[in-house]
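Visitor: I'd like to learn how the words people use for a structure get decided. Could you show me one and take my questions?

Guide: Sure, have a look at this one and ask away.

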Amino acid sequence: MKPPSPAILSAPRRRLMPLLLLRAVAAIWSAGAALLLLLFIVDATLILPLAWRAQAGVLLLLAGLIALALSLLGLRQLQARRLASQLERQQSQLGSALSNAVALEQAAGSTALNEHLRQQAVAYGRAQAARAQIWPLARPSVLATAALAGLLLLWWLLSPLLAKDMMAALWPRFLDPHGDHPPYSRLSLSIQPASDEVLYGGALEVRGEVRGGAVDRLYLFARGADGEEASQTVMFRSPDGSFVQTLTNIREAMQVWVGDGRARSQRRLVEVRRSPQITLLEADLSYPEHTRREAESRVLDDQELRLPRRSQIRLRVASNRPLAGGSLLLQPLAGGEAVELTLAPHAEQVHSASTHFTLLESMAYELRITDQEGLTSQHPQRGRVVVEADRPPRIHIMEPGRDAVSTPQMAIPIEVLARDDYGIEAIHWLRSINGSIHDVGVMDLQAINNDPARVQSLSAFDLKDLGLRPGDRIEYIFEAVDNDPDGPQIATSIPYVVDIISEEAYRAALRQQDNEGGGLMDDYLNLAQTAQRMEERARALAEALAGEADEAAISAMIQGLAEDFERYSQQLDTLAERAIDNPLLSALDQRLAELLPGLDAAGEAIAALLNAGPDMNRAEEAQKLAAALADFAVQAEAQLSEPARHIDRLNQLAQTARALDGIIEEQLLIAQWSRRFLEDQQNDERLARMQLTSLADQQQRLLDAFLTWLEDLQGAIDGVPDNPAYDALLMQAHELRERLANAGVQAEQAAAAGYFGSLAGDEGHLAALRAWRLLTQAKHNDDGDDLLQQLCEGAGECLRQVPGLSDLPGEALGSLMDLLHGRGRGAGGPGEGSGYSSLSSNRAVYGPDTSGSQSGRGDTESGQDQGRQLARRNEDAADPDQRQAHESLGGVRLQPDLPFPLHYRSLVGDYFRAIAEGAGAQSGQSPF
């Protein structure tokens, strides 16, 4: 059977296919154009989210696909039966020829006739289909689709004219949805930052302009370049109608825009340009040669840099950016024209630059750097380089260190310490005899610990070569000269005096010291020690003879016992030879004399042992000797040693306490002399410096003496025997010490020394006066009682109760009370024609019994040694700046080319004349 032919409707299909394609294209265009128009309208009215605008292309593609799908569905019209039916309905003259032909075309006839008729019907239908009109069939849909497409096309073609602003705002929002495109608004906002670039930490002025309407308020929005949440700030309206706001302290890039809540301007990216910053400022320092300092490097900050004058400074600065240079502005602190230096960049280290200068005066500096892009640092480095003053040297006289008395044949040792910032060139001395300048000299220097800035000089004044006689006076001072190249500076010590006395006056002085308690009980205590040693030797000898000791050891023990007995006899002779005018000593000597007969037998026994024959029972004789010496030691301890020990300890306590009166008196003298200095308006400047420095030195020494007195008083308290009878006395001593220690005396004395040293005489006088008043007030208790007097009276009452003293004669007890109260009644005392009126406890004593650096004995020697030790501690440990005030005369300069000061003689002459003129005017009355 022949298959059906598909070509019956081929002609209508060929004519219908272009119309369907045209309709499909128009439909796809209409769908896309309509959707895009809808998106524009919605975005213009509601502001579409970014996600919608970003997906606009996808939505358009989807709309086109839907339109295409619908168009493909329209191709069903090309089906034979549907197309035949539509043509027959459209054109009635066709009848059912097309439908029949299509139906007959699908199946063959069962008979030949049937097949012939079928073919005739199919041919007729094909002929009718070829003559059928297609346009009426497709016209409605094609025209509708084409009309819609044409309207949309016309709109999009005319939109640049009809909705120019809207199209200009909306097209970029869809073409570049992620870009910065403000939404459509009838208002047009624009932003005009002063610059798209701002320096790190700087400010940016933003101006917003409004067109197309008016707004009541405009906001400035800012957010970081990384898209963080934006901040909002109200802008201010300026006179020209625009809105202004300023952003400050900008430290990172940001986006800024303006808006009124709906409309906004474009966002402007503001970049931050980081200016160069100083990351390190270092100075290479080279010091002047005379300072003997090694070159060094220091990291500089905002702190003050203190350097010697003429120091070479090379500044090196490092930055976080490559540098093209910079500037260093130097402004003298004392006023004057500023100097600007240029920093030169390093060829190899592009991040650093340097410059150098010589420090001649104190400067304030301001350092700025410039990077290779021409940007200057926002925050310059500032600081000060101060010329460190070359302070005058300091000088301290260690030996004698105070006024002295000496016999004519002595060599007085001299020890001088000097100290300076950088170096001591020389120490000079000048000596005057009886008011006339006698000699000048240069002393040899010895560096301490190889430090040329700390030197000592040892020498001596050999008096026997000067032809001196008792009554002569030597006055001397010392100078220390430093190595300042601008002109050596000098420090001058205070003047010291050596009074020449006879050997008789010297001996009288020693006797007076003994009679005043300095070593009153020493002879008796030494006797007790020797007697105890003899008793111990005798007991050991007896034990040795009773045992199996060899003969050599026994002979040595007997010989040692004989030597002790001889020493004891010599001590007795010394006691017998002394001049006694003291009832207490006479009473004690009488007791000793009563004990001596018991010692004669011991002496005979020792002699017998030395000359013992073979028949002597040495063991028995040694036992008798030990018993005799033990009995003697017991009686001597009870009658002599124990009372002497109590007298010595309580006398030491009373003497130490009474030393407070001397401190108070000397404090008053300092206040008096400072008052006289202030009243004398004719003081020469050089002499004024010496006087004030002398007062500073005396005040510092008095402060040291007061501190030493507090320590000595505590030591004397600790040395009092442990006895309940002394409890009340110790309470009085503790009260006296605590009142003095807590009265604030030290602070006022230190202040006075500092004021005098800095040449502030008014303040120094007031501080010295306050110190004297505090001392005087602290000496008395709250009831106004004199604590010193109570202490001495309490010591006397205690001694009256000591066994071995209570039975002394009344005159001896009275002498003991005089001793405790400091009322010396011995021979050779002051005011009794001894020739010793020039001596005092504050003077060093040099005579036949002194040697080397020893300065007398008793209190004088002890005080000298303590003073020397304290002065050495001060020299080694004290702050030079604090000690400078009372050790030297600052500010005097010498000619740099002369080894010795030309003005020295006139300076010292003026000073000694001032001493001579003022000595007669001095009185003992207080000027207050």
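Guide: Let's start with a sheet: nine strands make an open one, in the order S11-S10-S13-S16-S15-S14-S17-S18-S12, with mixed pairing. Before we go on, this is a predicted model, where local features need pLDDT of at least 70, side-chain atom pairs count only at pLDDT 80 or more, and totals for chains, interfaces and linings use all residues. Residues are numbered from 1 along each chain as its sequence is written, and side-chain values use heavy atoms, leaving out hydrogens and water.

Visitor: What makes S11 and S12 the edge strands?

Guide: Strand S11 (296-299) and strand S12 (305-308) each pair on one side only. Two strands pair if DSSP finds at least two bridges between them. Strands themselves are DSSP runs (E, at least two residues), and helices are runs too (H or I, at least four), both numbered from the N terminus.

Visitor: How do you know that S12 and S18 pair?

Guide: Set the count against the rule: S12 and strand S18 (residues 381-388) have four bridges, and pairing needs at least two. So they count as paired, in the parallel sense. One of the partnerships is Leu307 with Val387 in S18.

Visitor: What holds strands together in general?

Guide: Strands of a sheet pair through backbone hydrogen bonds, either parallel or antiparallel.

Visitor: Which strands form a hairpin with six residues between them?

Guide: That's S4 and S5, and Gly227 in the turn has a positive phi of about 85°. Strand S4 (residues 219-224) and strand S5 (residues 231-234) pair in the antiparallel sense over four bridges, and Ala222 has Ser231 as its bridge partner in S5.

Visitor: Why do S19 and S24 stand at the edges of their sheet?

Guide: The sheet is an open one of four strands, in the order S19-S21-S25-S24, with antiparallel pairing. Strand S19 (394-399) and strand S24 (446-448) each have a single partner strand, so one side of each is left without a neighbour in the sheet. For S19, five bridges join it to strand S21 (residues 411-419), and Ile397 has Val416 as its bridge partner there.

Visitor: What makes the bond from Glu399 to Pro400 cis?

Guide: Its omega is near 0°. Pro400 sits in the loop between S19 and strand S20 (404-406).

Visitor: Why is Asn449 called exposed?

Guide: The cut-offs are these: buried is under 20% relative accessible area, exposed is over 50%, and partly exposed is in between (1.4 Å probe, protein chains only). Asn449 has 69%, so it counts as exposed. Asn450 is exposed as well, because its value is 75%. Asn449 lies in the loop between S24 and strand S25 (451-462), and so does Asn450. Neither is a glycine, yet phi is near 55° in Asn449 and about 60° in Asn450.

Visitor: And why is Arg567 only called partly exposed?

Guide: Its relative accessible area is 35%, so it falls between the two cut-offs. You'll find Arg567 in helix H11 (residues 551-577).

Visitor: How do you know that the span of H8 agrees with what's expected?

Guide: The expected span is 1.5 Å times one less than the number of residues. Helix H8 (residues 164-175) has twelve residues, so it should span 16 Å, and its end C-alpha atoms are 16 Å apart. Its buried residues are Met166, Met167, Ala169, Leu170, Arg173 and Phe174.

Visitor: How about H17? What does it reach?

Guide: H17 has 13 residues and reaches 18 Å from first C-alpha to last, close to the 18 Å expected. Just after H17, Leu759 takes a positive phi of about 65°.

Visitor: What makes a group of residues a nonpolar core?

Guide: It's a set of buried Ala, Val, Leu, Ile, Met, Phe, Trp, Tyr and Cys residues joined through side-chain atoms within 4.5 Å. The largest one here has 37 residues, of which Leu653, Trp709, Leu736 and Leu740 touch the most other members. Its largest share, eleven residues, comes from H15.

Visitor: What is Leu736 in contact with?

Guide: Contact means heavy atoms within 4.5 Å. Leaving aside neighbours within four places in sequence, the partners of Leu736 include Ala657, Leu660, Trp709 and Leu791.
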